[in-house]
Amino acid sequence: MSPRLVTTILKKDFSLGPRSAVFLWALVLPLAITLILQVAFGSLFQPKPRLGVVDEGGSQVARDVRAMEGIRVREYEDAEALRAAVEANDVDAGIVLPRGFDEAVKAGERPELTFWISGESYASNRIVLAVTTIDLLRALEGKEPPVEVRVQSIGEAGLPISVRLVPVIVFYALVMAGLFVPGSSLVEEKEQGTLKALLVTPARTADVLLAKWLLGIVLASVMSVVTLVLNSALGSNWPEVLVVVFVAAMLSSALGVVIGAFAPDSQTMFGIVKGSGILLFAPVAFYVFPDWPQWIAKLFPLYWIIEPIWRVAVLGGHLSEVLTELAVALGITAALGVLAWSLGKRMQVQVAAR
Amino acid sequence: MSEAHEPAIAVKDLRFSYGEIEAVKGISFEVMPGEILGFLGPNGAGKSTTIKMLIGLLPPQGGTATVLGTDVALDDPGLQARIGVCFEEKNLYLNMTARENLEFFAALYGVKDADVEGALRRVGLADRANDRVKTFSKGMRQRMMIARAFINRPDVLFLDEPTDGLDPVTAAAIRATIKEEAERGAAVLLTTHDMFEADELSDRVAFMNEGRIVALDTPENLKLKHGTRAVRVRLRDKEGVREEVLPLGDGEATARLAELAASPDLLTIHTEEATLEQIFIALTGRGLAG
């Protein structure tokens with residue numbers, strides 16, 4: 001096996017990628033599904049409320065609002081600039097916190113606070129910003145609210161459907177980029193006879209298979225991360241997310257190479273994927289329907305790559321919590337590697353016989 | 001390159017079977033550097049299987065075969081870097097341009113600063129360098145196949161029907177290129193159905209039938225050995241045109257030939273030399289096209 005030859009074949013595959021329908025489809029489909037689900041279940045086109053702030057004296061209110069994840073804060077130099085921004089609907093609302101504001105509130109002097117609202121802003125955003133500001137002022141004043149608020153959750157408990165669908169979308173990204181692209185690329189080489197041309201150069205079957213595997217890993221990793229980012233699921237522990245995504249990409253791409261090495265033509269390959277679709281896609285259904293017995297999901301090989309993504313990327317867990325799943329995934333990948341090696345030998349005989 | 005006195009290809013008692021079917025039944029031959037060996041035979045004769053073993057696609061099941069001194073059974077990538085192959089099927093990357101195809105294969109062969117422009121110019125495709133191969137005609141694709149086979153300046157060339165589908169002018173140009181490669185010192189194993197091409201290009205020809213080499217010699221020797229030593233003379237007479245066949249080496253016939261040669265009625269004289277196809281039929285009882 002030669003790194004130079006593997007790199008040469010990989011570079012060729014990447015340069016040919018944008019000219020291949022399957023390659024482009026693999027890139028577009030997860031993004032399209034994300035957009036459709038975001039539109040259907042909200043979040044993509046519901047931007048965070050935007051609050052403009054002029055903080056002249058280093059107010060505690062400004063510091064607290066900046067720390068809130070649900071509100072996007074923009075700072076302005078002076079009241080005039082803030083007012084212009086509110087008028088232009090660059091922010092939904094704006095407040096000017098003058099020098100000595102905090103001290104005045106704490107002293108019970110009831111200082112005046114101007115709260116500008118953009119006429120074009122969403123009512124929901126106005127309410128969020130107004131209530132939040134009042135809450136922060138009460139906290140600054142050190143007084144309890146005048147009423148006891150009892151919060152009651154109504155409706156089904158658990159994560160919203162938009163969150164539970166994240167594994168489905170990531171799975172699509174993994175399968176399309178990690179499985180279909182290397183698999184179909186390998187099958188296309190067989191159908192066009194170019195594999196035979198490759199194998200009479202210094203390149204060997206192992207070089208070709210390794211290049212296809214790396215192609216799938218790179219694409220599946222990139223597409224999974226992009227999908228997670230679009231679904232706001234990358235989180236702050238992104239290095240750990242990248243590890244689970246990489247392991248998932250390794251397994252899905254190995255599966256793609258095995259299918260590609262086995263299938264003599266595109267028709268057979270798509271037949272295999274269709275036929276085994278239920279086995280491939282079954283694990284993700286358990287995230288959409290959490291009432292189902294979860295142990296069943298473990299029977300499916302791809303559960304072992306989706307579960308770490310779910311727990312680390314979506315639920316914000318740590319690698320230490322999914323070490324068993326990652327070990328099983330790596331074990332399955334190694335087994336697929338051995339299978340691909342054996343199928344590669346058979347493939348060379350098939351190619352020679354054509 | 002191997003030394004001129006050592007064969008570039010040496011095959012001894014080579015065998016291969018597809019299950020129960022014996023495709024190659026113990027053949028032996030050699031090709032010297034700078035020599036063109038025409039490999040002739042009908043479909044299923046075992047030519048392709050032999051070539052697949054020599055280029056490393058199939059492992060020999062019996063006998064030995066060395067190319068440039070390396071046993072092909074060793075599956076040495078260094079050997080593949082020194083050979084060029086032109087398949088009968090046009091297995092090019094259709095979505096890549098002509099230039100990209102050649103640059104890619106040059107990179108696989110480890111050729112630095114490959115003369116891609118020169119290779120394309122040689123096969124008359126320089127002006128289409130940046131066009132995708134899928135826009136090429138059958139003949140242009142065939143020319144690309146030739147350019148690809150030559151891109152690493154190989155010491156041994158395996159050419160399977162190299163002029164298939166080409167117009168006569170382009171085919172003649174490709175034949176000239178093959179001759180140039182042989183003159184450079186490359187050993188060429190040429191498979192073709194075209195007897196005229198084999199006759200024109202080959203230093204020697206091997207007739208293959210049912211997995212065996214049934215004859216291996218220069219075209220001239222084969223013709224001498226298997227043809228008729230005679231001349232056919234066409235003459236004008238009162239009734240139109242008549243022909244006479246005169247065996248060579250016969251005293252009476254030689255005198256008659258001299259007489260006819262001096263006659264004002266002489267139209268043409270042709271040798272009765274056998275064609276390669278006729279020799280093949282005589283040897284095997286079957287045609288080359290079958």
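In this predicted model, the side chain of E100(B) places a polar atom 2.9 Å from the backbone nitrogen of T97(B). E100(B) belongs to helix α3 of chain B, which covers residues 98-109. With a relative accessibility of 24%, E100(B) counts as partly exposed. The same residue also reaches across to the neighbouring chain, where E100(B) forms a salt bridge with R19(A). In that pair, the closest N and O atoms are 2.9 Å apart. For orientation within chain B, E100(B) is separated from Y18(B) by 82 residues in sequence and, C-alpha to C-alpha, by 36 Å in space.

The salt bridge of E100(B) leads naturally to the interface as a whole. Three salt bridges are found across the interface of chain A and chain B, together with eleven residue pairs in polar contact, both residues of each pair being at pLDDT 80 or more. On the side of chain A that touches chain B, α1 (3-16), α9 (194-199) and α15 (323-353) each supply at least two residues. Helix α1(A) gives the largest share of that side, with six residues. Sorted by class, the side of chain A that touches chain B comprises ten nonpolar, six polar and seven charged residues.

The extent of the interface can be described in residues and in area. Chain A brings 23 residues to the contact, and chain B brings 30 residues. The size of an interface is often given as the accessible area lost when the parts come together. Here, about 2400 Å² is buried between chain A and chain B, and carbon and sulfur atoms account for 62% of this area. Within chain A, the residues that lose the most area to chain B are R19(A), V200(A) and R204(A), which together make up 27% of what that side buries. R19(A) thus appears here as well as in the salt bridge with E100(B).

A closer look at helix α1 of chain A is offered by T8(A), which lies in this helix. T8(A) has a relative accessibility of 14% and counts as buried, because the cut-off for that class is under 20%. Apart from neighbours within four places in sequence, T8(A) is in contact with F104(B), A107(B) and L108(B).

Turning to the interior of chain B, strand β8 (residues 187-191) has five of its five residues buried, so this strand is largely enclosed by the rest of the structure. The burial applies to both faces of β8(B): A187(B), L189(B) and T191(B) are buried on one side, and V188(B) and L190(B) are buried on the other. Two strands of chain B pair with β8(B), beginning with β3 (residues 36-40), which runs parallel to β8(B) and is joined to it by four bridges. In this pairing, V188(B) of β8(B) stands opposite I36(B). Strand β7 (residues 156-160) of chain B also pairs with β8(B) in the parallel sense, here over five bridges. V188(B) appears in this second pairing too, as the bridge partner of L157(B).

The loop between β7 and α6 (168-184) of chain B contains E161(B). This residue has a positive phi of about 50 degrees although it is not a glycine. Most residues other than glycine have a negative phi. E161(B) is buried, its relative accessible area being 8%. A positive phi is also found for D75(B), at about 55 degrees, and D75(B) is likewise not a glycine. D75(B) sits in the loop between β5 (70-71) and α2 (77-80) of chain B. At a relative accessible area of 37%, D75(B) is partly exposed, whereas E161(B) is buried.

Helix α6 of chain B carries R175(B). R175(B) has a relative accessibility of 14% and counts as buried. Leaving aside neighbours within four places in sequence, the contacts of R175(B) are T163(B), D194(B), E197(B), E200(B) and L201(B). T163(B) is twelve residues from R175(B) in sequence, and the C-alpha atoms of the two residues are 7.8 Å apart in space.

Methods: Residues numbered from 1 in each chain as written. Chains lettered and ligands numbered in written order. Predicted model: local features only at pLDDT ≥ 70, side-chain atom pairs only at ≥ 80, totals over all residues. Heavy atoms only, no water. Contact = heavy atoms within 4.5 Å. Buried area = accessible area lost by both parts, 1.4 Å probe. Salt bridge = Lys/Arg side-chain N within 4 Å of Asp/Glu carboxyl O. Polar contact = N/O pair within 3.5 Å; in protein donor to acceptor, adjacent residues only side chain to side chain. Nonpolar A, V, L, I, M, F, W, Y, C, P; charged D, E, K, R; others polar. Buried < 20%, exposed > 50% of the residue type's maximum accessible area, 1.4 Å probe, protein only. Pairing = 2+ DSSP bridges.
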